[in-house]
Amino acid sequence: MVFSYNLLQTFFQKKLPDAKKLADLIGSHVFEIEGLEKKGNDWAITIDILPNRGDCFSHLGLAREISAILGYPLVMPQIKFKDDKKFNVDNLLKVKVSDKDCQRYTVKVVKNIKISNSDKKIKEYLQTCGLNSINNVVDIANFVMIELGQPLHVFDLDKIDKNSIIIKSLASKEKFLALDSKEYGLNEGDMVISSPAKILALAGIKGGKIAEVDNNTRDIAIESANFIYSRIRKTSNKIDLKTDASIRFEHKIDPELTVLSVNRFVSLLENGNIAKGVIDIYKNKPAPKIVKLEIEKIGLLLGIEIPLKNILAILKSLGFSISKTIKGALFVKIPTWRLDINLQEDLIEEIGRTYGYDKINAQTPISAIEAPRIDDAILWADRVRIALSGIGFFETQNYSFISQKNKEELGLLDSDIIEILNPLSSEQQYLRPNLLINLFKNVKSNLPYYSDIKIFEIGNVFNKDDYENKIYDVIDLRLSGAIAHKVDSDMFYEAKGVADYLLKSLGITDYFYKDIDLHSNIWKRNALAKIEINGEDIGYVGIPQKTVLDKMGIVCQDIAIFDFDFSKLSILATQEYEYEDISKYPAIIRDISVLVPLDTKIDDVLQKINDTASDLIKDVDLFDIFEKDGNKSLAFHIIFQSKEKTLTGQEIDPIMQKIIEILSKNQNWKPRI
Amino acid sequence: MSENDIDSIKNNIEKDFNCVKSKEDLDAIYEKYLGKNGEVVNILKNLRNLPDNEKKIIGPKANELNKLVRENIFKFQNKFKNESENFFDITRPGKKIKKGHIHPVSLVSSKAIEIFSGMGFSVIPGYELETEWYNFDALNIPADHPARDMWDTFWIKDDFTNKKDKIVLRTHTSPGQVHFMQKNNPPLRVIIPGRTFRHEATDASHEYDFSQLEGLMVDENISVANFKKIITDFLQRFSGNKNLKIRLRPSFFPFTEPSFEVDASCIRCQGKGCSLCKNTGWMEIMGAGMVHPNVFKAAGLNPNNYQGFAFGVGLDRLALLKYNIGDIRLLKSGDMRFLEQF
C-alpha cells in the first residue's frame with residue numbers, strides 16, 4: 001500500500017523525521033519498504049503490509065506504529081460536524097441485517113448535497129496514494145478509507161427503492177451491474193446490500209450502478225459496515241475481483257471504526273444537511289480480548305532479558321493495557337483494532353520487534369547432543385554425483401513437468417500420469433512420469449554445441465498407478481542418464497559400463513542383467529536390459545526407440561539411456577559388505593576361446609564355465625570378441641587362485657579339461673585352449 | 001667368481017637398460033659396471049688371479065658383458081642425442097581427461113547439509129506432493145485466510161485418491177516440519193532440502209519450480225538468540241566470510257510467531273553497498289521465526305513444553321548469490337555451457 005508522508009504527519013504534533021529516515025525506521029521495526037518517491041511536496045512511501053495486519057491498511061494504523069517506535073503521542077483526526085435537526089436518519093432510511101456475517105452496519109444520511117470538485121488537500125493526498133479524484137463525495141469516502149482504514153460506500157438515496165436496505169445472502173444466482181459498468185454473475189450465498197427490488201452493492205467489494213452517485217445526486221446515504229473477512233474473501237476470489245474495500249475486509253478490520261469513519265466523512269463535507277442520528281446495527285459486539293502473558297516466557301522465547309518497565313512501556317505505546325498482574329503474568333487487554341493478537345507469542349513478537357531484534361545477541365543453544373541421521377538417498381545421491389561427474393557426466397536439473405505435446409507424442413495415458421489442475425501453460429500440464437523425457441530435451445538443446453553428451457539427473461517422478469493409499473506412493477526417486485555420440489554402435493555397452501561403474505561405486509556387486517520384453521513408449525525392444533538384485537528390479541539400461549528420438553527432434557545421434565530406482569539403490573548401498581582376505585598365493589591365468597554362433601549370449605557361455613563349480617576359479621573375464629565366417633569368437637581369461645597354496649599346472653589342467661567338456665556339450669560351440 | 005655370478009650380472013645389466021629413461025640413468029649404468037670400481041671392470045681385473053681353466057671360461061664371458069654394456073650405452077646415447085639435454089616443456093598442454101560437472105544447486109545443497117549435519121541437524125527429504133492439510137492447515141494457514149495468497153499454488157487434478165483432502169505441489173518445504181514432529185520427540189534438529197513449486201510467472205529472479213531448505217530446531221528453551229547463533233554460523237561457513245553479520249526484520253508467517261526476514265551483510269561488498277545489494281549493504285536471505293503453538297498442536301506436541309525456531313532458505317537463490325548467476329532460469333536450462341562452469 002502507498003502512504004502519504006504528509007498525511008502521516010497529520011497524526012502528530014511533533015515533526016516526523018524526514019521521509020527516508022522514517023522509511024528506515026518502519027523497515028526495521030514493522031514492515032518492508034518497497035519504494036520511496038517524491039510527489040510534489042509530498043513523499044509516496046510504498047509499504048508491504050503484512051497480511052495479518054489489517055489495521056495497517058490505513059494511515060492511522062501506520063501512525064500508531066510510528067508513535068510506538070518514536071514515542072511521539074498520536075493525535076486523532078478532528079471530528080466536528082453539526083446535525084440538521086430538520087432531518088432524522090430514521091425517517092429517511094430503513095435498514096435490516098439478515099445475514100449474520102454482516103457484523104456491523106452503520107449509515108448516516110446527508111440531504112441537499114452539491115456534487116462538485118473536492119478540496120485541494122484531499123485531492124493531493126489521494127494523488128500521492130495513487131487514487132483518482134472523482135468528485136467531492138467519492139473522494140472524501142476514499143480519503144477516509146486511506147486515513148482510517150474503513151471502506152465507505154455512498155449511495156444516491158433517491159435511487160434506493162422504497163428507501164429500504166437489506167443485507168442478505170443471495171438465495172439464488174443473480175446478475176449484478178457494478179459501478180465500473182461490468183456485469184458480474186453472483187452465486188447463491190454471496191452477501192449483498194439490496195433494496196427490496198434490486199442489488200445495490202456487493203457487500204464489502206463493490207458498489208452497483210443502480211444507486212450510483214452522479215452529478216445530479218442530492219441526498220446520499222453513507223454506508224460504513226463491517227463484514228466477516230472470510231465471506232468477502234470467498235466471493236471476491238470466486239468472481240476474481242479485488243478492490244480497495246475487499247482487500248481491507250479480507251484482512252480483518254476493527255468493527256469499532258464504523259461510526260468514527262462515517263462521522264469523519266460528514267465532518268469533511270463542505271455542504272449539505274446532515275440528518276440527525278445514525279443507523280448502527282451491531283448485534284454481536286465481541287467482548288474485550290484479554291491475553292495472558294507470562295513475563296518469564298518473553299525472555300525464554302527471545303533469548304534476552306528485557307526490563308519489565310520497557311515491556312510495559314512498549315505494550316502501552318502500541319495501545320495495549322494491563323488489566324491485572326498475577327504471579328508473574330500480565331493480563332493484557334488487546335485494543336479492538338489488533339485482531340491479529342490472540343496468544344502470548346503474538347505479544348512477545350510485538351515486544352521483541354519494538355524493543356529491536358538487533359539488541360538480541362547470538363547465543364549458542366544448550367541442547368542434548370544426538371548423532372544426526374542423514375537420509376540414505378540424500379547421502380548416496382551426493383556420492384553418485386561425485387562418481388558420475390568423475391567419469392565425465394554433467395548433472396542437470398530439469399523441471400518436474402512435461403508438456404501436453406510430450407504426453408500426446410509419447411502416447412502417455414491419463415491413467416498413468418498426473419495432471420495439474422491449474423497449469424501455467426500446456427508446457428507444464430503434467431508431472432513428469434520419468435526423468436528421460438526431459439533428458440532427451442537436454443540432449444537436443446546441447447547438440448549444436450557438443451558432439452559427446454553425457455548427462456544425468458537425480459529427481460522425483462510421479463506415476464498415478466503407484467497409488468495405494470497415500471499420495472506419497474506416487475512419488476518415486478529416480479536416477480537416469482543419457483549418453484549421446486554421433487553414430488556409435490557400442491552405445492548400449494557404454495551405458496552398461498556406466499551402470500556397472502555406478503553400482504560398484506555404491507558398493508553393490510550382486511546384480512544381474514536380464515532380458516526383458518517390456519511394452520514401453522520409450523525403450524527399444526531387444527535393446528533393453530533389466531538390472532535385478534535378489535529378484536527385484538532396480539533399473540534399466542537400453543536404447544530409446546527411434547520414433548521417440550524423432551519426435552523429440554534428435555536426429556542422426558546414437559543414444560543410450562539408463563534409469564534406476566534410486567530409493568532402492570540407496571537402501572542396497574547402505575547394506576554392509578565384508579572384507580575378504582587377499583590370497584597370499586599367486587593367481588594363474590589360462591585363456592580359452594570359444595567359437596559360437598552369432599546369436600549366442602555371452603552370459604550363457606559364462607554360466608557354463610561357472611557350472612564347473614570349481615572353487616579355484618576366481619574370475620572369468622571376456623577379453624576379446626570378433627566375428628569370423630558367420631560365427632563369433634569369444635576369448636576369456638580364466639583366473640585361478642587358492643587361499644591355501646600355490647596352484648600348480650597339474651591342478652588346473654583337469655579343470656580346464658572339464659570346462660572344455662561342458663562347453664563342447666553344445667554342438668554349435670567350439671572351445672579351444 | 002662363478003658362471004652363475006656372471007649370468008646374474010648379465011640379468012641385472014638387461015634389467016637396468018630396460019628402465020633407462022634419461023642420460024643420467026645411462027651415466028649411472030656406466031659407473032655401475034664400467035666405472036673405476038665397476039662390476040664388470042672388477043671381473044676383468046681379477047681375471048689374472050684365476051686358474052687357467054676358469055680364465056678360459058670367465059674371460060670371454062666377461063668380455064661379452066663389457067661389450068653388452070658398451071653397445072647398449074652407444075645405442076641409448078644415439079637415442080638421447082636428439083633430445084635436447086635440459087629442455088622439458090611444461091607448458092605443453094596436459095593430456096585431456098574429460099571432467100564432469102555437478103549442478104550448482106546440488107553443490108550448494110551439499111554444502112548446506114555438510115554444515116548443518118556438523119551442527120547435529122538430521123537431514124530428511126519430505127514429499128514434493130502434499131495434501132492440503134500438511135501444506136497449509138497444519139501450518140496454521142486456514143483455507144479462508146488471506147495469508148494463503150502468499151503461496152500461489154499448483155493444484156493436482158485428483159481422479160485417483162478418492163479422498164477429500166486436496167493435493168498440491170508443496171509450495172514450501174515446511175510440511176516436512178510437521179511430518180518430522182509427528183514422528184520424533186524433542187530435542188529436534190532437522191533440515192529438509194528439496195523442490196518446491198509456486199504458481200507464478202518466471203523471470204530472471206522468479207521460478208515456478210525451485211529448491212528450498214527448511215530448518216527446524218526444537219527443545220525446551222530454544223530462543224531467537226539461539227537462532228541468530230546457528231544462522232550466523234551457517235552463513236559464515238557457507239560464504240567463507242567470518243565477518244558476515246545478520247539482521248532480523250519483522251515479518252509474518254502463519255506458522256511462526258514471532259516471524260522475521262533474515263538479511264545477511266552483502267557477500268560481495270561486505271556491507272559497504274554495491275549493485276548486488278542495491279546499495280543497502282544487506283541481502284535478504286531467508287524467512288524464519290519461532291514455531292507457532294498451533295503448528296506444535298497440529299503435529300501432536302504440547303506447545304507449553306517446547307519452543308524452537310524454523311527457517312526456510314532458497315537454495316536456488318543461494319546458488320545465484322554464491323556463483324554470481326544473473327538469471328535463475330539458467331539453473332533448469334540443462335545448458336551444458338552453463339553446467340560446465342561448476
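User: Two strands pair if DSSP finds at least two bridges between them. In what order do the strands of the open five-stranded sheet of chain A stand?

Analyst: This is a predicted model, in which local features need pLDDT of at least 70 and side-chain atom pairs count only at pLDDT 80 or more, while totals for chains, interfaces and linings use all residues. Residues are numbered from 1 along each chain as its sequence is written, and chains are lettered from A and ligands numbered from 1 in the order in which they are written. Strands (E, at least two residues) and helices (H or I, at least four) are DSSP runs, numbered from the N terminus. The pairing in this open sheet of chain A is mixed, and the order is 5-8-11-12-13.

User: Which strands are the edge strands of that sheet in chain A?

Analyst: An edge strand here pairs on one side only. In chain A that description fits strand 5 (94-97) and strand 13 (206-207).

User: Which residue stands opposite A:Ile193?

Analyst: Strand 11 (residues 191-194) and strand 12 (residues 199-202) of chain A run antiparallel and are joined by three bridges. The partner of A:Ile193 is in strand 12 of chain A, and this residue is A:Ala201.

User: Chain A also has an open sheet of three strands; what is its average twist from one strand to the next?

Analyst: The order of this sheet in chain A is 17-19-18, with antiparallel pairing. Strand 17 (289-294) and strand 18 (321-326) of chain A are at the edges with a single partner strand each, so one side of each has no neighbour in the sheet. For angles, axes are lines fitted to C-alpha atoms (for helices over the stretch in contact), and values run from 0 to 180 degrees between N-to-C directions. From one strand to the next, the twist averages 25 degrees.

User: Which helix lies across strand 17 and strand 19 of chain A?

Analyst: Strand 17 of chain A is joined to strand 19 (residues 329-334) of chain A by six bridges, and the two run antiparallel. A:Val291 is opposite A:Val332 of strand 19. Across both strands, at about 75 degrees to strand 17 of chain A, lies helix 12 (residues 344-355) of chain A.

User: How are helix 5 and helix 6 of chain A oriented to each other?

Analyst: Helix 5 (residues 120-128) and helix 6 (residues 136-148) of chain A have axes 10 Å apart and pack at an angle of about 55 degrees. Angles under 35 degrees count as roughly parallel, over 145 as roughly antiparallel, 65 to 115 as roughly perpendicular and the rest as oblique. Helix 5 and helix 6 of chain A are therefore oblique.

User: Which residues of helix 6 of chain A meet helix 5 of chain A?

Analyst: Two residues are in contact if their C-beta atoms, placed from the backbone, lie within 7 Å. From helix 5 of chain A come A:Ile122, A:Lys123, A:Tyr125 and A:Leu126; they meet A:Asp139, A:Ile140, A:Asn142 and A:Phe143.

User: Is helix 2 of chain B roughly parallel or roughly antiparallel to helix 4 of chain B?

Analyst: Helix 2 (residues 23-34) and helix 4 (residues 52-81) of chain B pack with their axes 10 Å apart, at an angle of about 165 degrees. That angle makes helix 2 of chain B, relative to helix 4 of chain B, roughly antiparallel.

User: How do the residues in the contact of helix 2 with helix 4 of chain B divide by type?

Analyst: Helix 2 of chain B brings B:Lys23, B:Leu26, B:Ile29, B:Tyr30, B:Tyr33 and B:Leu34, which meet B:Val69, B:Ile73, B:Phe76, B:Gln77 and B:Phe80 of helix 4. Ala, Val, Leu, Ile, Met, Phe, Trp, Tyr, Cys and Pro count as nonpolar, Asp, Glu, Lys and Arg as charged, and the others, Gly among them, as polar. The division is nine nonpolar, one polar and one charged.

User: How far apart are the centres of the two domains of chain B?

Analyst: An automatic or database domain assignment gives the bounds. In chain B they are 3-81 for domain 1 and 104-339 for domain 2. Taken over C-alpha atoms, the separation of the centres is 77 Å.

User: Where is B:Pro187, which follows a cis peptide bond?

Analyst: The cis bond joins B:Pro186 and B:Pro187, with omega about 5 degrees. B:Pro187 is in the loop between helix 7 (175-183) and strand 4 (188-197) of chain B.

User: Which element of chain A gives the most residues to the side that touches chain B?

Analyst: The contact takes 79 residues from chain A and 71 from chain B. Elements of chain A that give two or more include helix 2 (19-29), helix 7 (229-238) and strand 23 (453-462). The most, seven residues, comes from helix 13 of chain A.
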